[in-house]
Amino acid sequence: MLVISSREFRANQSKYLGLAASGENVVLKSRTHGSFQLKPITEDDTLMSKSEMLNKIESARKNILDGKGIHVSTRETLMDFLDTL
């Protein structure tokens with residue numbers, strides 16, 4: 001883990017962004033604002049607010065209650081469903 005000051009980061013942003021992109025744990029410390037971890041965003045990350053996610057979950061629950069869900073009880077039905085994706 002590499003811990004750097006905000007001043008050091010400002011002076012060498014490209015260097016530290018490159019290190020973070022290559023998998024190095026980079027922590028940026030600021031007296032005023034606390035600590036932050038630099039890491040690249042991947043396709044597995046979500047850029048959704050908590051309220052947006054809760055709305056999607058509620059919508060999915062409503063769909064299931066309305067009978068719009070898919071019931072998977074065997075390996076075969078699971079494989080059939082996954083083939084449709």
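Let's start with charge: the protein carries 12 positive and 11 negative charges, and the mean positions of these two sets lie 14 Å apart. Keep in mind that we are looking at a predicted model.

How is the chain laid out? There are four helices and three strands, and reading from the N terminus the order is β-α-α-β-β-α-α. The radius of gyration comes to 22 Å, while the globule rule gives 12 Å for 85 residues, so the protein is more spread out than a compact globule. The box around the C-alpha atoms, taken along the principal axes, is roughly 55 × 25 × 15 Å.

Burial and contacts add to the picture. Of the 85 residues, 11% are buried. If you take the contacts with a separation of 6 or more, 22% of them join residues that sit 24 or more positions apart. As for the surface, about 7500 Å² is exposed, with carbon and sulfur atoms supplying 54% of that area.

Now back to the charges, this time one pair at a time. Side chains of opposite charge can pair when their charged atoms come close. How many salt bridges does the structure hold? There are two. One of them links the side chains of Arg-61 and Glu-58, with an N to O distance of 3.9 Å. That value falls just inside the cut-off, because a salt bridge calls for a side-chain nitrogen of Lys or Arg within 4 Å of a carboxyl oxygen of Asp or Glu. Both partners belong to helix H3, which covers residues 50-65, and they are three residues apart, or about one turn of the helix. Arg-61 counts as exposed at 53% relative accessibility, whereas Glu-58 is partly exposed at 46%. The two labels differ because exposed means over 50% relative accessible area.

The other salt bridge joins Lys-62 to Asp-66, and here the closest N and O atoms are 2.9 Å apart. Asp-66 has a relative accessible area of 43%, which makes this residue partly exposed.

Further along the chain, have a look at Val-72. Where does Val-72 sit? You'll find Val-72 in the loop between H3 and helix H4, the latter spanning 75-84. Val-72 is partly exposed, with a relative accessibility of 35%. What does Val-72 touch, leaving aside its neighbours within four places in sequence? The contacts are with Thr-77 and Leu-78.

Technical notes. Residues are numbered from 1 along each chain as its sequence is written. This is a predicted model: local features need pLDDT of at least 70, side-chain atom pairs count only at pLDDT 80 or more; totals for chains, interfaces and linings use all residues. Side-chain values use heavy atoms; hydrogens and water are left out. Helices (H or I, at least four residues) and strands (E, at least two) are DSSP runs, numbered from the N terminus. The radius of gyration is taken over C-alpha atoms; the globule rule is 2.2 Å times the number of residues to the power 0.38. Buried means under 20% relative accessible area, exposed over 50%, partly exposed in between (1.4 Å probe, protein chains only). Contact means heavy atoms within 4.5 Å. Accessible areas come from the Shrake-Rupley method with a 1.4 Å probe; for residues, only the protein chains shown count as cover. Lys and Arg count as positive and Asp and Glu as negative; His and the chain ends are not counted. The place of a charge is taken as NZ of Lys, CZ of Arg, CG of Asp or CD of Glu.
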